[in-house]
Amino acid sequence: RVLRFFTDLRVMVSGIAMSMKSLVWALSLHFLLEFIFGVVIMDFVASHMAGNDFNDEKYDELRQYFGSFSRTITSMYVAINGGEDWVRIANPLGLVSSALCLFFALYISIAVFCV
């Protein structure tokens with residue numbers, strides 16, 4: 001009876017080990033997707049901020065969510081994992097461009113439904 005338990009355990013551990021390759025590729029795709037979208041969003045935000053007063057209080061949320069590359073990546077990660085509503089994170093991007101809000105929604109759609 002005990003040997004049967006260990007046989008089942010061995011089969012479960014073997015299945016988990018065999019799926020690691022797929023997990024690594026899925027995580028790699030996710031990180032690549034997040035990096036590409038993060039760089040594009042930061043480029044738009046940085047070019048918008050170069051021509052405006054970054055210390056204006058209407059840009060506080062934009063600075064909070066997208067003030068640096070690490071904040072951008074963190075905000076994007078939190079948005080797809082349910083830590084904060086993605087619409088709330090995307091709203092400050094409307095100060096930069098409404099197309100950027102759609103771009104962020106595209107990222108959310110791809111990350112949630114495809115990866």
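This passage describes how helix 4 and helix 6 of a predicted model are packed, and where three further residues are placed.

The model is predicted, with local features requiring a pLDDT of at least 70 and side-chain atom pairs counted only at pLDDT 80 or more, whereas totals for chains, interfaces and linings use all residues. Residues are numbered from 1 along each chain as its sequence is written, and side-chain values use heavy atoms, with hydrogens and water left out. Helices are DSSP runs (H or I, at least four residues), numbered from the N terminus.

Helix 4 comprises twelve residues (69-80), and its end C-alpha atoms lie 17 Å apart, in agreement with the 16 Å that it should span at 1.5 Å a residue; the expected span is taken as 1.5 Å times one less than the number of residues. Its buried residues (buried meaning under 20% relative accessible area, exposed over 50% and partly exposed in between, with a 1.4 Å probe and protein chains only) are Thr 72, Ser 75, Met 76, Ala 79 and Ile 80. Viewed down the axis of helix 4, these buried residues fall within an arc of 125 degrees, so they line one face of the helix, the arc being that of the directions from the helix axis to the C-beta atoms. The elements covering the buried residues of helix 4 include helix 2 (20-50), helix 3 (60-66), helix 5 (86-90) and helix 6 (98-113). Helix 4 is followed by Gly 82, for which phi is positive, near 80 degrees.

The axes of helix 2 and helix 4 are 9 Å apart and make an angle of about 125 degrees, where axes are lines fitted to C-alpha atoms, for helices over the stretch in contact, and angles run from 0 to 180 degrees between N-to-C directions. Helix 2 is therefore oblique to helix 4, given that angles under 35 degrees count as roughly parallel, over 145 as roughly antiparallel, 65 to 115 as roughly perpendicular and the rest as oblique. The crossing of helix 2 and helix 4 is right-handed, a term used if the near helix is turned clockwise from the far one by less than a right angle, anticlockwise being left-handed. Residues of helix 2 that meet helix 4 include His 30, Phe 37 and Met 42, and the helix 4 residues met include Phe 69, Ile 73 and Tyr 77, with contact meaning heavy atoms within 4.5 Å.

The axes of helix 4 and helix 6 come within 10 Å and cross at roughly 55 degrees, which means that helix 4 is oblique to helix 6. This crossing, too, is right-handed, and the contact joins Met 76, Ala 79 and Ile 80 of helix 4 to Phe 104, Tyr 107, Ile 108, Ala 111 and Val 112 of helix 6. The buried residues of helix 6 are Leu 100, Phe 104, Tyr 107, Ile 108 and Ala 111, and they cover an arc of only 100 degrees, which puts them on the same side of helix 6. They pack against helix 2, helix 3, helix 4 and helix 5, while the face turned away from the buried side carries the exposed residues Ser 98, Leu 102 and Phe 113.

Three residues outside these two helices were also examined. His 48, in helix 2, is buried, with a relative accessible area of 19%, and touches Tyr 59, Leu 95 and Val 96, residues up to four places away in sequence not being counted. Glu 61, in helix 3, is partly exposed at 36% and, with the sequence exclusion of up to four places, touches Arg 88 and Pro 92. Lys 58, in the loop between helix 2 and helix 3, is partly exposed at 49%.

Terms used
Helices (H or I, at least four residues) and strands (E, at least two) are DSSP runs, numbered from the N terminus.
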